[in-house]
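The following exercises concern one protein structure. Please read each task and then follow its worked solution.

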Amino acid sequence: ALAAAWQAFGARLGGLIIDNLLYGALLAVFAVPGIIMIFAGGKDCADKIDAANGADVTCSSSDLNGGLIAAGIGLLVLGLIVVAVIYLRALGRTGQTWGRKIVGVKVVRQQGDAPIGVGIALARTLLEQVLGQLCFLNYLWMLWDKDNQTWHDKIVNTVVVKA
């Protein structure tokens with residue numbers, strides 16, 4: 001039983017790592033140009049500070065390109081929304097994100113093996129982030145739980161199964 005739990009843990013961890021890499025790459029398509037735009041919008045201010053050689057310099061609003069900075073922030077926000085929609089839609093409708101599909105697992109309702117829906121996918125993902133930040137034990141809990149559930153799975157009544 002412990003060997004099976006470790007195997008399930010490994011599959012979940014692998015799926016998480018692959019998801020972070022793939023969805024992170026998608027986010028980078030938006031984030032890299034967004035960050036470049038933000039820095040470009042403040043270039044005149046940065047040049048003024050560099051020219052002062054460390055002396056206190058106040059940048060005026062004319063030293064900043066507000067439109068370019070706003071466009072960069074907008075691109076970052078758009079990227080976060082696009083990635084979140086793609087991730088949550090896949091998790092809610094099929095139980096499989098890109099990483100989970102690659103490693104061969106899916107998230108389903110605890111009773112009935114049905115897709116969890118986008119609402120539960122959102123709740124599960126938020127709980128995973130919060131509980132994972134508060135206590136790493138959340139992720140390890142599945143190793144000794146009879147249904148291989150983490151805390152966020154228990155709260156929203158989901159399980160991770162082989163696809």
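**Exercise 1.** How many residues has helix H1, and what distance does H1 reach from its first C-alpha to its last?

Solution. The model is predicted, with local features needing pLDDT of at least 70 and side-chain atom pairs pLDDT 80 or more, while totals for chains, interfaces and linings use all residues. Residues are numbered from 1 along each chain as its sequence is written, and side-chain values use heavy atoms, without hydrogens and water. Helix H1 (a DSSP run of H or I, at least four residues) covers residues 2-41, which is 40 residues. H1 reaches 55 Å, close to the 58 Å expected at 1.5 Å a residue (1.5 Å times one less than the number of residues). At Ala28, H1 bends by about 40° (the angle between axes fitted to the seven residues ending there and the seven starting there).

**Exercise 2.** Identify the element that gives the largest share of the largest nonpolar core.

Solution. The core (buried nonpolar residues, under 20% relative accessible area with a 1.4 Å probe, joined through side-chain atoms within 4.5 Å) has 11 residues, including Ala11, Tyr23 and Leu91. Two or more residues come from each of H1, helix H3 (66-94) and strand S1 (105-109; a DSSP run of E, at least two residues). The largest share, 4 residues, belongs to H3.

**Exercise 3.** Describe how H3 and helix H5 meet.

Solution. The axes of H3 and H5 (residues 117-134) come within 8 Å and cross at roughly 115° (lines fitted to C-alpha atoms over the stretch in contact, with angles from 0 to 180 degrees between N-to-C directions). In contact (heavy atoms within 4.5 Å), residues of H3 including Leu91 meet residues of H5 including Ala121. Leu91 itself touches Ala121 and Thr125, among others.

Definitions and conventions: Buried < 20%, exposed > 50% of the residue type's maximum accessible area, 1.4 Å probe, protein only. Lists of a residue's contacts leave out its neighbours within four places in sequence.
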